[in-house]
Amino acid sequence: MNSRSNNGKISIFDSLNQDLGLYFLELARLGSSKAPAEMEEDEEEDPKELNTINSSGGFLVVTPDKLSVKYTSVSLHGHDVGVVQANKPAPVKRLLYYFEIYVKDAGVKGQIAIGFTNEGFKMRRQPGWEVNSCGYHGDDGLLYRGRGKGDDFGPTYTTGDTVGGGINYASQEFFFTKNGAIVGTVCKEKEMKGRLFPSIAVHSQNEEVHVNFGQKKFAFDLKGYETQERLKQQMTIEKISLPSNISYGLVRSYLLHYGYEDTLNSFDLAGKSTIPPIYIAQENGFDERDIVYALNQRKTLRQLIRNGEIDAAISKLRDWYPQIVQVCIQFNSVYCFENTI
């Protein structure tokens with residue numbers, strides 16, 4: 001809306017030539033200097049280091065900066081896994097979350113994994129081997145999602161590779177990268193419960209990885225990927241077919257439902273003065289004249305109550321809505337009368 005009055009503010013009368021509902025929604029949007037999603041996102045703590053308390057410490061060593069881990073034992077059994085989670089769960093009040101690992105040494109077998117696990121995950125199992133977890137494994141390139149059998153997913157990774165794992169909350173998908181390129185995406189299991197923690201696992205002697213929680217530049221262009229995902233969302237929204245004047249109808253329904261008779265009348269008058277006039281199709285077989293008449297009755301009852309004329313208000317209720325009065329008397333409820341008007 002480009003029309004402005006002499007004092008530089010948006011002219012209400014000029015804006016009436018457009019969809020009135022959109023006009024009021026735009027005013028509400030402009031009234032907030034910061035989007036709610038942005039405010040919420042600021043309140044979340046990002047993972048910054050590895051959790052040395054909740055880890056399978058008997059098989060691995062975490063460096064003092066809590067950003068590197070090395071498998072120092074000799075793996076004799078399938079459950080001799082060195083697993084460690086981040087100190088915080090992945091933030092959810094955003095479009096994407098992402099982190100990376102750099103494989104400094106693939107060790108004897110290269111059984112390294114990156115993924116996400118919940119708070120109660122068994123810390124001697126690879127990510128993806130148990131429910132409420134997902135993991136991309138370096139030795140076979142398979143993706144594991146809550147069971148011991150993996151699915152074909154991507155290439156293996158080894159010494160010198162940078163591998164990333166992320167969550168796309170808009171599409172409800174996990175995505176993984178290798179050396180700055182997308183490997184693939186997979187739908188997040190609906191059955192996964194609880195908060196998800198960025199997790200890594202090492203499983204054979206001398207395996208060593210460094211973790212990047214964003215303290216330095218990622219190998220993957222996360223900003224570019226986020227831009228692409230937002231564009232996809234926007235295109236999806238733009239393809240949605242909506243009835244004409246839908247926002248006008250929403251505002252009008254709100255005023256009608258909550259009994260704002262004077263505002264509703266002004267709103268309707270303004271709608272008829274637009275070019276072309278705005279009309280809303282009658283729905284559900286209701287006669288709107290009856291609804292408007294009821295609004296006038298509610299207004300009368302409110303005025304009587306404000307003036308302290310309780311007996312007159314109850315008398316009107318008996319005349320207009322005898323069934324409501326009967327129910328209220330039956331339950332001896334003042335609350336019933338209050339919610340009637």
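Helices (at least four residues) and strands (at least two) are DSSP runs, numbered from the N terminus. With that in hand, let's walk through this predicted model. Counting the pieces first, the protein has 10 helices and 14 strands. There are 341 residues to look at, and 39% of them count as buried. How much do distant parts of the chain touch? Among contacts with a separation of 6 or more, 62% are between residues 24 or more positions apart. Keep that figure in mind while you follow the chain around.

Let's start with a sheet. Seven strands form an open sheet, and if you read across it you meet them in the order β2-β3-β14-β5-β10-β11-β12, with antiparallel pairing. Which strands sit at the edges? They are β2, residues 60-62, and β12, residues 181-187, and each of these pairs on one side only. Going from one strand to the next, the twist averages 20°. At the β2 end, the antiparallel pairing of β2 with β3 runs over three bridges. If you'd like a spot to zoom in on, find L60, which stands opposite Y71 in β3.

Now look for a helix against this sheet. Helix α4, made of residues 222-238, lies across β5 (96-105), β10, β11 (173-178) and β12. Relative to β5, helix α4 runs at about 145°.

Strand β10 is a good place to slow down, and two of its residues will serve as landmarks. Take T162, which is found in strand β10. Is T162 buried or exposed? Its relative accessible area is 16%, and buried means under 20%, so T162 counts as buried. Setting aside residues up to four places away in sequence, T162 touches E100, I101, Y102, T177, K178, N179 and A219.

The other landmark is N168, in the same strand β10, which spans residues 162-168. N168 is buried too, with a relative accessible area of 1%. What does N168 touch? Leaving out neighbours within four places in sequence, its contacts are L95, L96, E173, F175, Y225 and E229. One of these deserves a closer look: the side chains of N168 and E229 are joined by a polar contact of 2.8 Å. You can also check how the fold brings N168 and E226 together in space: they are 58 residues apart along the chain, with their C-alpha atoms separated by 9.1 Å.

Next, let's hunt for charged pairs. How many salt bridges does a search of the whole structure find? The total is 14. In one of them, the side chains of D80 and R124 meet at 3.3 Å, N to O. D80 lies in the loop between β3 (68-71) and β4 (82-86), while R124 lies in the loop between β6 (113-118) and β7 (133-137), so this pair ties together parts that are 44 residues apart in sequence. The two partners have different surroundings: D80 is buried at 6% relative accessible area, whereas R124 is partly exposed at 40%.

Another salt bridge pairs D262 with K299, whose side chains meet at 3.2 Å, N to O. This pair also links distant parts of the chain, with D262 in helix α6 (residues 261-272) and K299 in helix α7 (residues 288-306), 37 residues apart. Here D262 is partly exposed, with a relative accessible area of 48%, and K299 is partly exposed as well, at 26%.

Salt bridges can share partners, and R145, R147 and D151 are joined into one network that way. Within this network, D151 forms a salt bridge with R145, and the closest N and O atoms are 3.9 Å apart. D151 is partly exposed, with a relative accessible area of 28%.

Finally, what about the cysteines? A disulfide needs a pair of cysteine sulfur atoms within 2.5 Å, and by this rule the count comes to zero. Two cysteines are still worth finding on the model. C134 is buried, at 0% relative accessibility. C187, on the other hand, is partly exposed, with a relative accessible area of 48%.

Definitions and conventions
Residues are numbered from 1 along each chain as its sequence is written. This is a predicted model: local features need pLDDT of at least 70, side-chain atom pairs count only at pLDDT 80 or more; totals for chains, interfaces and linings use all residues. Side-chain values use heavy atoms; hydrogens and water are left out. Buried means under 20% relative accessible area, exposed over 50%, partly exposed in between (1.4 Å probe, protein chains only). Contact means heavy atoms within 4.5 Å. A polar contact is a pair of N or O atoms within 3.5 Å; within protein, one must be able to donate a hydrogen and the other to accept it, and residues adjacent in sequence count only if both atoms are side-chain atoms. A salt bridge is a side-chain nitrogen of Lys or Arg within 4 Å of a carboxyl oxygen of Asp or Glu. Two strands pair if DSSP finds at least two bridges between them. Axes are lines fitted to C-alpha atoms, for helices over the stretch in contact, and angles run from 0 to 180 degrees between N-to-C directions.
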